[in-house]
Amino acid sequence: MTADFLLSLAQAITKGLLTGMVYGLMALGLSVIFGVMRVVNFAHGEMMVVGMYLAWMGFEYLQVSPMLSLPVIAVIFFGAGYALQRAVISPFIGRPEHQQFLLLLAIAILLVNVSLVIAGPDSRGVQMDSQFESYELGPFVFDAVRVHAALTAVVIAGLLWLFFTRTRIGKSIRAAADNNLGALVVGLDVRRLYAFTFGVGAACVGAAGALMITIIPVTPFLAAEYTLLAFVIVIVGGLGSMTGALAGGLLIGVSEAVAGLLLQPSLKSMVSFGILILVLLLRPQGLFGKSGP
Amino acid sequence: MSGARLELDGIGKSFRGLRAVHDVSFDVPAGAINALIGPNGAGKTTIFNMIAGVYRPDAGSVRLDGRQISGLRPDLVCDAGVGRTFQIVKPFKGLSVLENVTVGALHRRPALPDARAYAADILLQLGLHDRRHQAAESLTLPDRKRLEVARALATEPKLLLLDEVMAGLRPTEIDVMVTFLQELNQRTGLTILLIEHVMRAVMALASNIVVVSYGEKIAEGTPAEIARHQAVLDVYLGEAEPA
Amino acid sequence: MTLLARLTGGVPARSLWGLGLLLVLLLAAPALLGKYGLSVLILVLYFAFVGQAWNIMMGFAGQLSLGHALYAGVGGYIAAGLFFHYGIGPWAGVFVAVAAAVAAGSIVGYLGFRFSLAGVYFALLTIAFSEFTRIAFDHWGWAGGSGGLFLKVDATSDILNLRGGPLLFYYVILALAAGTFILCRLLLESRLGRYWLAIREDPEAAQAVGVPVLRCKMIAIMISAALTALAGVWNAFYYNNLFPETAFAMGRSIEFTLAPIIGGLGTLFGPIVGAVVLTGLGEIFTDLSEVFHISGLKQIFYGLALLVIVMYRPAGVWPWIAERFGFGEKRR
């Protein structure tokens, strides 16, 4: 193995770690929602894509950097998620999985096609100066946008951690995720809690969308891919586990980047799916999930 | 059908280092009705689950008419002649009462009309026949308990394991169930082992009682013997004290 | 008991007459309908057929598969590839195709069931296998890779090689859909079918009354995969092209699930009614959106329709129709 190869391998790993942070933030939303409500958000990738479009529109029409529109998008997503849960999803909690699946599938179809009608099928990206910048550290070169996105994702994850450990509602959500019935008994308003949780999950994925648009352009067809990606990440990390979602994001980010280097780029998601199959069979509770009964 | 002899020989089970059942041995003679009693969490249901094949014992063996059944899958244990009910009832909710019992009957009667007729007959015996077309999920708890018994009986077992089928029943309903089980036992010779907290039923039915506490057998004897047994009294009085 | 008695036992006479009339109408349909009408009816039958196949696994045995495109894709590719490369006609190739799909189903099923994956976890396993295979086919030269596999479009009718016009494909898919309907009825009225329902409702209780759970689930996935593979073969020869991107797509798998869920999961007529509703809505929405010239509009209508149906008829359309018009089976 040459030094050149090792260097590009290290480069790929760091690139994967940086992208993986954003993946992790996206998956965190899915994991939080499942952990508390036992509802699998089949519209997760679609929500991600809508977040990317909103950030793109802010940039295109209002000349606002995605980094700046991110908090606004997160707030919009929180509100929309809260309302969606209250109005549509709420009666489906505890229903058979296939009914939840069909409901969220219908929402996914609506989200992605409304995006398609508004923004068209062409890929839309933002052109920022920082996309041409990079940081050098010894022999390593880091894309500036990736570093910014990853750092922002870390900050948001940190804020979420504070939210879940320090605030009353955050602690309640964690309690509900751990033991649904317990939360009911303690007398929390579970319905509001669920809506709040869906809002937080949506805000995560909206924020992740705003970050992702700085790295790659968006098309409606990315939606299904992101839904799958989010599934892979949370299963690998442990469905319902927040640490697991972040760690799974990093793992899948790195595996994609390394597979893209060693194999043909088109084979990179094969590695992710391979990892998913192995985890499902050998440790279905995920790498960070609590062990089963 | 006739009853089979059940032999438990030093069975034990631990869950993640926690000892649930340790070195329990007892026999249930063919055609007898015996009871397994003890405080909550004593390991009674774990013992049932080891007999029924849900858990494989870490130690010891379970034999039915001399044939080892421990370690077999639950469906094969059923095939060997063991029928069981679940403490937390598990009806096939979306199916009708008749279809619930028919599934059990299909085990030894592969043709659907045969199985259905046999199931209807069992429902008649248990007083559920009028409700046979209702969805199982619409039944009241006492009826669900009866459904559990009916479904287990439909597999034509030689040994019936009843896990707290009297719980939640009114005294008159308990008497009806007790009479039904006695009559069934006399008519068919079916061996019955029951876990029960309702002492009135235990005393009326069981010829022999096994008492477990903290996963170990602490006493065995006739109802009269058990009622006088010091260790048993300690356990039950201990439980009755305020925690 | 004869097969016929098992088929018709307990079914009200008006339902039998209705079914007979339906069959006659379907047989005569090509003479009654125009080219467009026939093409729509072909779609209805295709989705009814593949929906019935999926319904066996989910509706009967309660195992949620979101990766059924795998079996259709494998089946279609193998039959098309055998014909394309070696001139082996689909009537022979279909056996290889079905065998391969059953093998794939057995692998997915054995791994999933052996490791006790249920619900969403099992569904994700099926997606993962389907996606994995999609990428593999993208890089498999024999199957044409990502560029796709094309069958020569032949105007001349050659029934021996399943080459011909819509009429041929109509009768083939009608036979498949009708045959599967009868098969489903026979299965449901058998010990195996009742065991599936028991497993769907409560696997632990089922096993306690002697149901060999793993074996029954394996049979369900194998039958379901075999039928889905037939749909895949039919589809490949009807459209004359195959791309991994669409053949193994998650969207394809989801398409298979819609008719049974919308129509009524676990019922015999659910997949058929669902296919009529969905294809009908699809055609109406296509016409509507052509008026406005906006791409994506059709899918928005479609999404709204799904939303309305699942919110107001979560158990499906058919149980509601059957209740209202008294088509249900007599209670025995």
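Two strands count as paired here if DSSP finds at least two bridges between them. Keep that in mind for the strands of chains A and B below. One thing before we start: this is a predicted model.

## The sheet in chain B

Chain B has an open sheet of six strands, and reading across it gives the order β6-β7-β8-β3-β9-β10. The pairing in this chain B sheet is mixed. Its two edges are β6(B), residues 82–84, and β10(B), residues 216–221, each of which has a partner on one side only. Going from one strand to the next, the twist averages 20°.

Take a look at the β10(B) end. Strand β9(B), residues 208–213, runs antiparallel to β10(B), and five bridges hold the two together. If you want a spot to check by eye, find V212(B): the residue opposite it in β10(B) is K217(B).

Which helix lies across the sheet strands? That's α1(B), residues 44–52, and it spans β3(B) (33–37), β6(B), β7(B) (159–163), β8(B) (191–195) and β9(B). Relative to β7(B), helix α1(B) runs at about 150°.

## Inside chain A

Chain A offers a nice helix pair in α1(A), residues 3–37, and α8(A), residues 190–215. Their axes come within 8 Å of each other and cross at roughly 165°. Angles over 145 degrees count as roughly antiparallel, and α1(A) and α8(A) therefore fall into that group. The crossing of these two helices is left-handed. The α1(A)–α8(A) contact has 20 nonpolar and four polar residues, with no charged ones.

Chain A has some strand too. β1(A), residues 134–137, and β2(A), residues 140–143, run antiparallel and are linked by four bridges. In that pairing, S134(A) sits opposite D143(A). The two strands make a hairpin with two residues between them, and G138(A) in the turn has a positive phi of about 60°.

Is F231(A) buried or exposed? This residue belongs to helix α9(A), residues 222–237. The cut-off for a buried residue is 20 or more other C-beta atoms within 10 Å; F231(A) has 24, so it is buried. Along the chain, F231(A) and G45(A) are 186 residues apart, yet 9.5 Å separates their C-alpha atoms.

## Who touches whom

Two pairs of chains are in contact, and chains A and C share the most contacts. Chains A and B don't touch at all: their nearest C-alpha atoms are 10 Å apart.

## Where A meets C

Chain C puts 36 residues into its contact with chain A, which answers with 31. On the chain C side, α6(C) (119–138), α12(C) (250–263) and α14(C) (297–312) each supply at least two residues. The largest share of that side comes from α6(C), with twelve residues. By class, the chain C side facing chain A divides into 27 nonpolar, seven polar and two charged residues.

One helix pair across this contact is worth zooming in on: α4(A), residues 97–119, against α14(C). Their axes lie 8 Å apart and the angle between them is about 155°, so α4(A) is roughly antiparallel to α14(C). Here too the crossing is left-handed. Among the α4(A) residues involved are L102(A), L103(A), A106(A), I109(A) and L110(A), and among those they meet in α14(C) are I300(C), G303(C), L304(C) and L307(C). The α4(A)–α14(C) contact has 15 nonpolar and four polar residues and no charged ones.

## Where B meets C

The contact of chain C with chain B takes 20 residues from chain C and 23 from chain B. On the chain C side, the elements giving two or more residues are α8(C) (191–201) and α9(C) (203–208). Six residues, the largest share of that side, come from α8(C). Sorted by class, this side of chain C has ten nonpolar, three polar and seven charged residues.

How much of α8(C) is covered? Mostly all of it: ten of its eleven residues are buried. The buried set includes Y195(C) and W196(C), along with R194(C), R200(C) and E201(C). What do those buried residues pack against? Their neighbours are α3(B) (97–105), from the other chain, plus α3(C) (35–60), α7(C) (166–188), α9(C) and α10(C) (213–239) from chain C itself.

Definitions and conventions. Residues are numbered from 1 along each chain as its sequence is written. Chains are lettered from A and ligands numbered from 1 in the order in which they are written. This is a predicted model: local features need pLDDT of at least 70, side-chain atom pairs count only at pLDDT 80 or more; totals for chains, interfaces and linings use all residues. Axes are lines fitted to C-alpha atoms, for helices over the stretch in contact, and angles run from 0 to 180 degrees between N-to-C directions. Two residues are in contact if their C-beta atoms, placed from the backbone, lie within 7 Å. Angles under 35 degrees count as roughly parallel, over 145 as roughly antiparallel, 65 to 115 as roughly perpendicular and the rest as oblique. A crossing is left-handed if the near helix is turned anticlockwise from the far one by less than a right angle, and right-handed if clockwise. Ala, Val, Leu, Ile, Met, Phe, Trp, Tyr, Cys and Pro count as nonpolar, Asp, Glu, Lys and Arg as charged, and the others, Gly among them, as polar. A residue is buried if 20 or more other C-beta atoms lie within 10 Å of its own, exposed if 12 or fewer, and partly exposed in between; C-beta atoms are placed from the backbone.
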